[in-house]
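Got the viewer open and a hand on the mouse? Let's go through this one stop by stop, with something to select at each.

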Amino acid sequence: MTMVQRGKAVKTRVRKFKINDLDQVVAIAERYASWDLTSTEVDVEGFHSASPEFFFVAEAENKILGFVCGRESNPPAETLNKWKSRKVASIETLAVDEDYRRQGIATSLLSALFEAFKQKKIDLVTLSVPAVEIAAMKLYGKLGFEPRAQFLWKRLDSSY
Ligand SMILES: CC(C)(COP(=O)(O)OP(=O)(O)OC[C@H]1O[C@@H](n2cnc3c(N)ncnc32)[C@H](O)[C@@H]1OP(=O)(O)O)[C@@H](O)C(=O)NCCC(=O)NCCS
């Protein structure tokens, strides 16, 4: 994949995460993929050791521009029946450096992840997105994801 960065064509490739990528991936995770909790090195290492086959990075000229990691989930048989699925996986984290967005990097990362899911006979993918992440909502909508639930909250004070 070739993308244009500040007028310059840069070759980007998607490949499996290697442990040498840890620092760069943690930096992207901390900056862009921390919601209620800040992602740590332990989290990123944990994703890798649990499911190395589902952890991809996008790289250009030795710089990591984004990453995605997923894992197989194991819902009970009743849930699988209701979901009409044989095997389910989730997208755990996805982030792209803000200087390199809207160039198809997340789409390429997800395509690699979905290919790896399919190789393991996974036929359903789930994920959670913070409602404030409008770009992510648009991306997943474009890729055919549909909302199944909404997480609501309300602060309780003396007026309720
Ligand atoms: C969401 C995110 C990963 C998208 O990365 P990206 O590499 O810019 O995405 P892509 O270039 O592959 O975008 C593909 C499509 O998604 C949609 N999209 C992506 N960003 C968008 C934005 N800011 N506004 C509107 N649509 C957007 C568009 O339809 C886009 O296609 P187009 O550029 O041809 O119009 C990136 O914005 C990000 O890291 N956000 C913060 C972290 C986050 O929200 N992670 C997901 C939580 S699970």
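**Stop 1: a loop residue to warm up on**

Select threonine 12, which sits in the loop between β2 (8-11) and β3 (13-16). Before going further, keep in mind that this is a predicted model. Is threonine 12 buried or exposed? Threonine 12 counts as buried because 21 other C-beta atoms lie within 10 Å, and the cut-off for buried is 20 or more. Now add isoleucine 64 to the selection: 52 residues separate it from threonine 12 along the chain, yet their C-alpha atoms are 9.4 Å apart.

**Stop 2: zoom out**

Show the whole chain as a cartoon. You should find five helices and seven strands, and reading along the sequence gives the pattern β-β-β-α-α-β-β-α-β-α-β-α. The C-alpha trace spans about 55 × 45 × 30 Å along its principal axes. Of the 160 residues in the chain, 23% are buried. Among contacts with a separation of 6 or more, 62% are between residues 24 or more positions apart.

**Stop 3: the β4-β5 hairpin**

Select β4 and β5, an antiparallel pair joined by six bridges. To get your bearings, click phenylalanine 55 and look across to cysteine 69 in β5, which stands opposite. Then go to the loop between β4 and β5 and pick out glutamate 61. The hairpin has two residues between its strands, and glutamate 61 has a positive phi near 50° there. What makes that worth a click? Most residues other than glycine have a negative phi. Glutamate 61 counts as exposed because it has 9 C-beta neighbours inside 10 Å.

There is another one to compare. Lysine 84, in the loop between α3 (77-82) and β6, also isn't a glycine and has a positive phi near 50°. With 8 C-beta neighbours inside 10 Å, lysine 84 is classed as exposed.

**Stop 4: across to β6 and β7**

Keep β5 (residues 63-73) on screen and add β6: eight bridges join the two strands, which run antiparallel. Two pairs make handy landmarks. Glycine 66 faces valine 96 in β6, and glycine 70 is opposite isoleucine 91 in β6.

Next, add strand β7 (residues 124-126). What is the sense of its pairing with β6? β6 and β7 are parallel, with three bridges between them. Valine 88 is the residue to click here, since leucine 124 of β7 stands opposite. Bring in α4 as well, and you have a right-handed β-α-β unit made of β6, α4 and β7.

**Stop 5: the nonpolar core**

Switch to side chains and select Val25, Phe56, Phe67, Val68, Ala95, Leu109 and Leu113. These have the most contacts inside the largest nonpolar core, a set of 30 residues. Which elements each supply at least two residues of this core? They are α1 (22-32), α2 (41-50), β4 (55-60), β5, β6 and α4. The biggest contribution comes from α4, with six residues.

For a closer look, centre on valine 25. Leaving out residues up to four places away in sequence, valine 25 touches Phe17, Val44, Val57, Ile64 and Phe67. Ile64 is also the residue you paired with threonine 12 at the start, at 9.4 Å between C-alpha atoms.

**Stop 6: around the ligand**

Now select the ligand and show what surrounds it: 20 residues, of which Arg101, Ala106, Thr107, Ala135 and Lys138 are the closest. Colour this shell by class and you get 12 nonpolar, three polar and five charged residues. Where does the shell come from? β6 (88-96), α4 (105-119) and α5 (134-142) each supply at least two of its residues. The largest share is from α5, with five residues. You have already seen two of these elements, as β6 and α4 belong to the β-α-β unit of Stop 4.

**Last stop: past α5**

Follow the chain into the segment after α5 and select lysine 154. Is lysine 154 buried or exposed? Lysine 154 counts as exposed because it has 6 C-beta neighbours inside 10 Å, and the cut-off for exposed is 12 or fewer. To finish, draw a distance from lysine 154 back to glycine 66: they are 88 residues apart in sequence and 33 Å apart in space, C-alpha to C-alpha.

Methods. Residues are numbered from 1 along each chain as its sequence is written. This is a predicted model: local features need pLDDT of at least 70, side-chain atom pairs count only at pLDDT 80 or more; totals for chains, interfaces and linings use all residues. A residue is near a molecule or strand if its C-beta atom, placed from the backbone, lies within 6 Å of it. Helices (H or I, at least four residues) and strands (E, at least two) are DSSP runs, numbered from the N terminus. Ala, Val, Leu, Ile, Met, Phe, Trp, Tyr, Cys and Pro count as nonpolar, Asp, Glu, Lys and Arg as charged, and the others, Gly among them, as polar. Two strands pair if DSSP finds at least two bridges between them. A crossover is right-handed if, with the strands pointing away from the viewer, the path from the first strand over the helix to the second runs clockwise. A nonpolar core is a set of buried Ala, Val, Leu, Ile, Met, Phe, Trp, Tyr and Cys residues joined through C-beta atoms within 7 Å. Two residues are in contact if their C-beta atoms, placed from the backbone, lie within 7 Å.
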